[in-house]
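User: I would like a close look at one part of this protein, namely the parallel sheet together with the helices and the core that go with it. Please take me through it in one connected account.

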Amino acid sequence: YMDATVWVNGYRLGSHPYGYTPFSFDLTKHLKFDGTDNVVTVKVNHQTPSSRWYSGSGIYRDVKLQIMNKVHVGLNGVKIETPELANEQTNVKVDIKAKLVNALAENKDVKVKAKIFKKGSETEVIGSTELESTSLKAGAVSDISLSLMANSPALWDTENPNLYTVRVEVMQGEEVIDTYDSDYGFRWFSADKDKGTYLNGKPVKLKGVCMHHDQGALGAAAYKRATERQVEILQNMGCNSIRVTHNPASQVLIDICNEKGILLIEEMFDGWMNTKNRNYNDYSKWFNKRIEANNEIIGGNSNMTWAEFDLRAAIARGQNAPAIVMWSIGNEIQQDAPGGGYKDKAKELIKWGKEADNTRMFTIGSNDV
């Protein structure tokens, strides 16, 4: 947090202004392989005032270095859907879409396997499938689709948050060259303006809180045990849901809510085009600004605004999480702005969001009509 720029061995990879959404860069072509040290540098340009609450500053969520084969599953590259679950819970059709990256200079034929097993118990497999052969074009990303039948999965809900692992394996011959695991819970969620909300066909009231990301006296760092303790306290007082206020959650919170059966409303932005409460260095500076052409951030391009990138990045990260039941596009967005008002921008955000995930409802935390 926030306005971070990343270099590797003195080469500027690019920047990322928002403090709350995940982002990645490909370091490969800028690394040294001669035994000398590689240096990754991250500079934060946090200018206050930037927030209406305690934001913290610096690296306060997990940073990971991923080393993989040149043929691999892409970033957030597996999307899992069970479109017929509400009508069939015994033989459940599971649709898996995967983005496979071939960073080689030649086409490559691979085999793709997928299986589902109870989380923590690889022997309890409830479904599997295999794509015998598919050709991946050189230097390109290929979309593949798999379907399998899951045998009587235990449903995920707030009382029994049953989790499974969906494993996608990319193979050359009989050698596994990449493995991609996703936590998944079989559940369906719906809402009716007259009757309320339903989880797995049963009425459920969202008894929850709006919770900021900080850990009180511990600051803004996303400590797992501190977050887990927060959730346990909330459950003990009767909560079953959290509105993530007013920005995308840490991965730590999403994982814990998946494990403990907390429903999440994942909120994207506190504000859009205009500053809030005179915080003239808040995210509104970048919201409608386009990503610079030389920025190598994965998933972004110069045709995108930062608002679109961050919305899509948050949804891609959380697309398989059973805990997330709604996407909130903003908090108390009341004002029009020069060059485009509230209604037009809301429609645009919802359009981008539905392109990324059309399995969940979109909402807004609003105190105005």
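Analyst: What follows starts with the sheet, moves to the helices and the core, and ends with salt bridges and one loop residue.

The model is predicted, and everything below should be read with that in mind. Five strands make up an open sheet, in the order S14-S15-S16-S17-S18, and their pairing is parallel. The two edges are formed by strand S14 (208–211) and strand S18 (361–365), each of which pairs on one side only. Direction ignored, neighbouring strands of this sheet are turned by 25° against each other on average. As a general point, strands of a sheet pair through backbone hydrogen bonds, in either a parallel or an antiparallel manner. At the S18 edge, strand S17 (residues 324–331) runs parallel to S18 and is joined to it by four bridges, and Ser 328 stands opposite Thr 363 in S18.

Two helices pack on this sheet. H4 touches strand S16 (263–267), S17 and S18, and its direction makes about 165° with that of S17. Helix H5 (residues 342–356) touches S17 and S18, and its direction makes about 145° with that of S18.

The nonpolar core can be described next. The largest such core has 63 residues, and those touching the most other members are Ile 242, Leu 253, Leu 264, Phe 269, Trp 272, Phe 287 and Leu 349. Helix H4 (residues 306–318) contributes the largest share of this core, seven residues. Phe 287 is a useful residue to follow by eye: leaving aside neighbours within four places in sequence, its contacts are Phe 269, Gly 271, Trp 272, Met 273, Thr 305, Trp 306, Ala 307, Lys 345 and Leu 349. A second core, separate from the one just described, has 28 residues, among them Ala 98, Val 110, Leu 136 and Leu 148.

Helix H5 also carries a salt bridge, in which the side chains of Glu 355 and Lys 351 meet at 2.9 Å, N to O. These two residues are four apart in helix H5, so about one helical turn separates them. Glu 355 is partly exposed, with a relative accessible area of 46%, and Lys 351 is likewise partly exposed, at 47%. Residues Lys 79, Glu 81, Asp 357 and Arg 360 are linked in a network of salt bridges.

Across the structure there are 25 salt bridges, and one of them lies outside the sheet described above. Lys 111 and Glu 174 meet through their side chains at 3.0 Å, N to O. Because Lys 111 lies in strand S6 (residues 108–118) and Glu 174 in the loop between strand S9 (164–172) and strand S10 (175–184), this pair ties together parts that are 63 residues apart in sequence. Lys 111 is buried, with a relative accessible area of 10%, whereas Glu 174 is exposed, with a relative accessible area of 65%.

Returning to the sheet region, Asn 281 is placed in the loop between S16 and helix H3 (284–287). Its relative accessibility is 9%, so Asn 281 counts as buried, the cut-off for that word being under 20%. Not counting residues up to four places away in sequence, Asn 281 touches Met 2, Gln 47, Thr 48, Pro 49, Ser 50 and Trp 286.

How values were computed:
Residues are numbered from 1 along each chain as its sequence is written. This is a predicted model: local features need pLDDT of at least 70, side-chain atom pairs count only at pLDDT 80 or more; totals for chains, interfaces and linings use all residues. Side-chain values use heavy atoms; hydrogens and water are left out. A nonpolar core is a set of buried Ala, Val, Leu, Ile, Met, Phe, Trp, Tyr and Cys residues joined through side-chain atoms within 4.5 Å. Buried means under 20% relative accessible area, exposed over 50%, partly exposed in between (1.4 Å probe, protein chains only). Contact means heavy atoms within 4.5 Å. Two strands pair if DSSP finds at least two bridges between them. Axes are lines fitted to C-alpha atoms, for helices over the stretch in contact, and angles run from 0 to 180 degrees between N-to-C directions. A salt bridge is a side-chain nitrogen of Lys or Arg within 4 Å of a carboxyl oxygen of Asp or Glu.
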